Amino acid sequence: MSLDRIMNDAISPWMKENGPDSDIVLSSRIRLARNLQTYTFPTLLDHEEALQAVNEFEKVINFGIEGLGKLEMVKMGDLQPIQRRVLVEKHLISPDLAENSPLGACLLSESEQISIMINEEDHIRIQCLFPGFQLSEALHLANTVDDWLEEHIEYAFDEQLGYLTSCPTNVGTGLRASVMMHLPALVLTRQMNRIVTAINQLGLVVRGIYGEGSEALGNIFQVSNQTTLGKSEEDIIEDLQSVVLQLIQQERVAREALMKTSGIQLEDKVYRSYGILSNSRLIESGEAAGCLSDVRLGIDLGYIQNISRSILTELMILTQPGILQQYAGSPLRPEERDYRRASLIRERLLLEQNKNM
């Protein structure tokens, strides 16, 4: 694996696989927050200590994880702003690490399914990603990585509180479990605001596509736990799974209701969005995400049959600003990005249509 490959392949290898309930659940993620026992927490970390922490991880990765291969270290200080943005758009690092941690780094597996962020809000953020609804599988992999790290470094841990973290809301298990969901029918039937309020009351949170503070572009929402202290990892996963299963059912019921009550209007909406994507010469990211969501819904409902669902997921990633500029090889003005985005979508849809004729 090389940095060039990571940057030039917009779609991570794990994204190319299908998972359970993948018509609604795009991905499942487990993130574990950990800190080093002998270092100041990153919020107060000085330049020298930050470098020492990265150097300590460089030694660790030489051991490799049994059965999972070696990890590639990518240092934020070695990357251009566009390259850091690409890693965010591929969900390999957080916006905070990209923007605020020049002495940070991340360790990436060959499949990009494992990402370990260094010197973000905590010294260590272990992240494992799976396609579809696979929280338990993601937790198992994250724990495997966690156990491997703990063999080589000493964590900040308290017998009563659990794992110690920079933010009090992460103390305890340090576990953040999240599921990325495509919920267009619940949005179209105006149920999302009520559902978000109900989910918040259960100790869970609904965010946008890039987590805290981000928008729900293309009707994609991230549902995750808020509580990490006083609950076991299994309890956290069980609670989130229960809510996600209900959301899946509600989305499917809403899709059926839309087809019965607004079939022709819904089909028209899908094909209008398909027409925009197939013919536009300029399209900004928000409009593209909305149209891609409509077309994906149209594929799931059987209105469109000559395009695979995976192409829509691919285009959601490929048309992000950072990746467009990475492919261009230089920064682009907004209108230039809109032009390249429209061209890429048209060409990719045409290629898919010709393949299936």
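In the predicted model, the secondary structure of the chain amounts to 13 helices and 10 strands. The C-alpha atoms occupy a box of roughly 65 × 45 × 35 Å along the principal axes. For 357 residues, a compact globule would be expected to have a radius of gyration near 21 Å, and the value of 21 Å for the chain therefore agrees with that expectation. Of the 357 residues, 55% count as buried. Among contacts between residues at least 6 apart in sequence, 71% join residues at least 24 apart.

Two helices, α3 and α12, illustrate how elements of the chain are packed. In α3 (81-89), the buried residues are Ile82, Gln83, Val86, Leu87, Val88 and Glu89. These residues are covered by elements that include α1 (3-8), β2 (72-75), α4, α11 (309-318) and α12 (321-328). Helix α12 is largely enclosed by the rest of the structure, because six of its eight residues are buried. The buried positions of α12 are Pro321, Gly322, Ile323, Leu324, Gln325 and Gln326. Their cover includes α1, α3, α11 and α13 (334-355). Helices α1 and α11 thus appear in the cover of the buried residues of α3 and in that of the buried residues of α12. Helix α12 is followed by Gly329, which has a positive phi near 85°.

Positive phi values also occur at residues other than glycine. Most residues other than glycine have a negative phi. His91, which is not a glycine, nevertheless adopts a positive phi of about 65°. This residue comes just after α3, in the loop that leads from α3 (81-89) to α4 (95-100). Asn119, likewise not a glycine, has a positive phi of about 65°. Asn119 belongs to the loop between β4 (114-118) and β5 (124-131), and with a relative accessibility of 6% it counts as buried.

The loop containing His91 is contacted by a residue of strand β5, namely Gln127. The side chain of Gln127 reaches the backbone oxygen of His91 at 2.7 Å. Gln127 counts as buried, at 3% relative accessibility. When residues up to four places away in sequence are set aside, Gln127 touches Arg29, Ile30, Arg31, His91, Leu92, Gln113, Ile114 and Ser115. The surroundings of Gln127 thus include His91 itself and Leu92.

Aromatic side chains were examined next. A pair of aromatic rings is described by the distance of the centres and the angle of the planes. The count comes to three aromatic pairs. In one of them, the ring centres of Phe157 and Tyr163 are 5.0 Å apart with the planes at 70°, so the arrangement is edge-to-face. Planes over 60 degrees apart fall into that class. Phe157 is partly exposed, with a relative accessible area of 41%, whereas Tyr163 counts as buried at 15% relative accessibility. The rings of Tyr271 and Tyr274 likewise form an edge-to-face pair, because their planes lie at 85°, with centres 6.4 Å apart. Tyr271 and Tyr274 are three residues apart in helix α9 (residues 263-279), and are therefore separated by about one helical turn. An α-helix has 3.6 residues a turn, so residues three or four places apart point the same way. Tyr271 is partly exposed, with a relative accessible area of 37%, while Tyr274, at 14%, is buried.

Phe157 and Tyr163 also belong to a cluster, in which ring pairs link them with Tyr155. The ring of Tyr163 has a further partner in Arg34, whose charged end sits over this ring at 3.5 Å from its centre. Tyr163 therefore combines an edge-to-face pairing with Phe157 and a charged end placed over its ring.

Cysteine residues were considered last. A disulfide is a covalent bond between the sulfur atoms of two cysteines. A search of the whole structure finds zero disulfides. Cys167 counts as partly exposed, with 22% relative accessibility, and Cys291 counts as buried, with 5%. The value for Cys167 places it in the partly exposed class because buried means under 20% relative accessible area.

How values were computed
Residues are numbered from 1 along each chain as its sequence is written. This is a predicted model: local features need pLDDT of at least 70, side-chain atom pairs count only at pLDDT 80 or more; totals for chains, interfaces and linings use all residues. Side-chain values use heavy atoms; hydrogens and water are left out. Rings of Phe, Tyr and Trp (its six-membered ring) pair if their centres lie within 6.5 Å; planes under 30 degrees apart count as stacked, over 60 as edge-to-face and the rest as tilted. Buried means under 20% relative accessible area, exposed over 50%, partly exposed in between (1.4 Å probe, protein chains only). Helices (H or I, at least four residues) and strands (E, at least two) are DSSP runs, numbered from the N terminus. A charge sits over a ring if NZ of Lys or CZ of Arg is within 6 Å of the ring centre and within 35 degrees of the ring normal. A polar contact is a pair of N or O atoms within 3.5 Å; within protein, one must be able to donate a hydrogen and the other to accept it, and residues adjacent in sequence count only if both atoms are side-chain atoms. Contact means heavy atoms within 4.5 Å. A disulfide is a pair of cysteine sulfur atoms within 2.5 Å. The radius of gyration is taken over C-alpha atoms; the globule rule is 2.2 Å times the number of residues to the power 0.38.
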